[in-house]
Amino acid sequence: MKRLNNLYYSKRIKELLAELQTAGTTLVVAPMGYGKTLAVQYFLQEQERCGKRVLRQSIYGAGAEAFWQGVCHSWQNTELGAALLQQSLPADANAKTLVLELFRQLLPQEPVYWFIDDLHLLESSEAIDFLFALSKAGFADLHLLLVSRGQIFDGNRLLELGRKVFCLDKHDLALQRDELAEYSSRCGLQLTTQQLDALHEACEGWFSVTYLNFLNYDRYQRFCLDTGSVYEMIANVLLRPLPSEQQRLLLLMGQPEEFTPEQVAYAYGTSCRESVGRLLECNAFIIRLANGRLRCHHMLKQATRHAFGLLPEAEQQMYFRRLGQWYAQQKEYEEALDWLYRGRDFDGLLAAVQQLRDWSMHPQHRQHLFDWLCECPPEILWQYPQAVLIIMRRMFSLNMVPEMLQVKEWYVTALERNTALSQRERDNYYGELEVILSFLAFNSITGMSEHHRRAYKLLSGAPQTLSKQGIWTFGAPSVLGLYLRTGCSLRQTVEDMQECMPPYYLLSGWHGAGAAELTEAEALLLQGRIDEMDMPLQKAYYQAEKHGQECITICCDFLEMQRNLFRGVYSSKAEAYSRHQWQLQPWKQSMLLNTADMCAGFYYALLGKPEYIPSWLTDGNGQQPSVLYPARPCRNYISAQCLLAQGQYTELLVRWSDWEQECRPYSNFLCLLYLQVQRAAAFAGRGDVTSCRASLKQALAMAEADKLVLPLAQNIALLRPYLEQEAQGEYSAAAAAALHLGQQMEAGRGQIMSARFAEAGLQELTEQELQIAQLAAARHTNREIAQRLSLSEGTIKQYLNKIFAKLQIDAAAKNKRHQLERFFSNS
């Protein structure tokens, strides 16, 4: 009896597969048709029989978003899966840290085999980086099984993983000569030695071609050893010999990535369960998946899709339409969209869109998003204003603003033409439109608020467009860095925020709570009114924590860190941020880890401890952690401050033009001011007096009207002599205020350094340096120290410069010996 569809695994293959039980990560890499997936599935079925947990994920597209959706789906119904749903695919070191920590904390306390198939279809470097990081972490109970036609990790990464990875390739999977003989015997074929030799030589152990030859031999008593294409071989052996009905059914099976027999029968249009069953019984290229669905092997899929494309266009559209309708009936609306569009069923397409309020969108939908509405007959479009609204919302998130504005006109027309809507429904739709249009007014507080107020009057409930869980600050640590648009507008900006945020809170369920109070506190800090900012800062903390607005809380921390520098109080929060002790906070968004890095980096730059600055803030060639586009100007001025702390003046000046340009689209005035001050400081560091004075005058002109002296004071070490000159000139008030505030910061910084870092600094001194430091702290002059130690005054001066550097005492400060005295009194 012939058993051609029986699977065959030799003793050698079984022994190789047994190694997977002890491997942290297994890479199975071989060309198509070598039985990669079937071999891993065989191993996993054995594990399931032993009660082990198995997760399966297949890659069907190139996009990172689809990959991450698959990751979350794989881990669904677990605590880890719920946590991963709150994240996106980690694209930088901080995000990886967070996600790996989630795995460490929430992995089930039992062995888990996670199988990811067809990784060659994935074109996301972030996804591969994530899988490498997961492999490198080496969680004891997690076994990754990664299958691909091509290389997954490069040679360097394989070396780095070492024994953590086990590899199988086509030579391991290929049928050997004795295995081919055993395989043919088990299939019930009686082949001669010469036939086996010829078949093995022609197929070279290629499992799929061997199977196709078995089928052909069983039917025609001959092999297909001279076929030029495996796809032609599939068509000749598996497709063309079939009756017409079964041919159509097989073509339909090859269209979706996964299918069910019921789906294929529905798309065909008549009762054909028996024909579907026969096809499944006699075709080993149709694979049954763990979720109960079926999938055609890639070779069969490609052959059937080619043949399907030769059908008349009207017939293709009919089948596409039915496939889309099937998905819609199963409430798989995202999957339905592309099929309905290909089937020209715009009524069904827009009806499906209306079910997708939380639409994450497949990557392929972006290119068709505008086409759907352009090609839809107007009489259909006017019946679906909600669908048009949802599409317009997605266009904004995809930065398709010109298309969005055109769709707005269609949306208004759809509302006016749809006579079936009640006035309440019509008002709600217009209210949602106002919410969407408000984003186009960013970063005008009053402009956005006008839309919010109109939306609040029109809506009868919470808008679908806004989410309280979104990051109100876009990842920036400074509210005024986002919303201060021009000079001479600080007080007006604070008042606008206080007036406009309460209506927005009502509309959004307290999204961004605390922002109004935070803006006032930040304005006072920028003007150097340190003692006045405490009350609004505490109010901002209270509102943010009460309403779960973590992004506002971290902005409060940023202000507190800067304030405490003036008070000589070391920031434990900065230390926690720099050490990535993020688990102390209930943060759900990995972007906030990057915000925390920015806070810590800026703080340690001001404190004069550049060794604590996160490297990505100054690494211009490295991978930049993600912040949303509106927050990039804030990130840039923080990076500039970090470069100043490291003495990388030339590097700052090289990047300055690009950073300055990124402040222009949203008129980020405060960020521009910081960059102008930092540019002057970099010129000062290079000794370029003329350029420094020119840049400093521009900065003073920008700062004077609103008394924004904080950026100048924070760079007092490099700008002091130039500010002293300007204190007698055109911008005397701003220069004098900056000098006064800078002296306060230096005093506070000195207290922190002596109290926090004295012991460590003193331990770095040599015996000779320690003796000189003690004499200097006792107020002996350089001459007195030189005479006592039989050294020259010049040598004593050189020693003191080294001592001040080791103890992090500002070489430009006037009270260096006073700070030195505090070092010894505190140590």
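**Close-up A. Phe320, a buried ring in a predicted model.** With a relative accessibility of 7%, Phe320 counts as buried. This is a predicted model, so read the numbers here as computed from its atoms. What about the ring partner, Phe308: how accessible is that one? Phe308 comes out at 2% relative accessibility, so it counts as buried too.

**Close-up B. Phe308 and Phe320 make a tilted pair.** The two ring centres sit 5.4 Å apart with 50 degrees between the planes, and that is why the pair of Phe308 and Phe320 goes down as tilted. Phe308 belongs to helix α16 (residues 298-308) and Phe320 to helix α17 (residues 313-329), so the contact links distant parts of the chain, twelve residues apart. Phe320 also has a charged neighbour: the charged end of Arg342 sits over its ring, 4.0 Å from the centre.

**Close-up C. Arg417 over Trp382.** Here is another arginine on a ring: Arg417 lies over the face of Trp382, 3.9 Å from the ring centre.

**Close-up D. Phe67 meets Phe130 edge-to-face.** How many aromatic pairs does the model contain? The count is 30 aromatic pairs. One of them is Phe67 with Phe130, an edge-to-face pair at 6.5 Å centre to centre and 70 degrees between the planes. Phe67 is part of helix α3 (residues 64-74) while Phe130 is part of helix α6 (residues 125-137), so this pair ties together parts that lie 63 residues apart in sequence. Both Phe67 and Phe130 are buried.

**Close-up E. The aromatic cluster around Phe67 and Phe130.** Zoom out a little from that pair and you get one aromatic cluster, made up of Phe67, Trp68, Trp75, Phe103, Trp114, Phe130 and Phe139.

**Close-up F. Cys671 and Cys634, with no bond between them.** A disulfide is a covalent bond between the sulfur atoms of two cysteines. How many disulfides does the structure hold? The answer is zero. For the sulfur of Cys671, the closest cysteine sulfur is in Cys634 at 3.8 Å, which is too far for a bond because a disulfide needs the sulfur atoms within 2.5 Å. Is Cys671 buried or exposed? At 0% relative accessibility, Cys671 counts as buried.

**Close-up G. Cys551 and Cys555, also unbonded.** Cys555 holds the cysteine sulfur closest to that of Cys551, but the distance is 6.5 Å, so again too far for a bond. Cys551 is buried, with a relative accessible area of 3%.

Key. Residues numbered from 1 in each chain as written. Predicted model: local features only at pLDDT ≥ 70, side-chain atom pairs only at ≥ 80, totals over all residues. Heavy atoms only, no water. Phe/Tyr/Trp six-rings, centres within 6.5 Å; stacked < 30°, edge-to-face > 60°. Helix = DSSP H or I, 4+ residues; strand = E, 2+ residues; numbered from the N terminus. Buried < 20%, exposed > 50% of the residue type's maximum accessible area, 1.4 Å probe, protein only. Lys NZ or Arg CZ within 6 Å of the ring centre and 35° of its normal.
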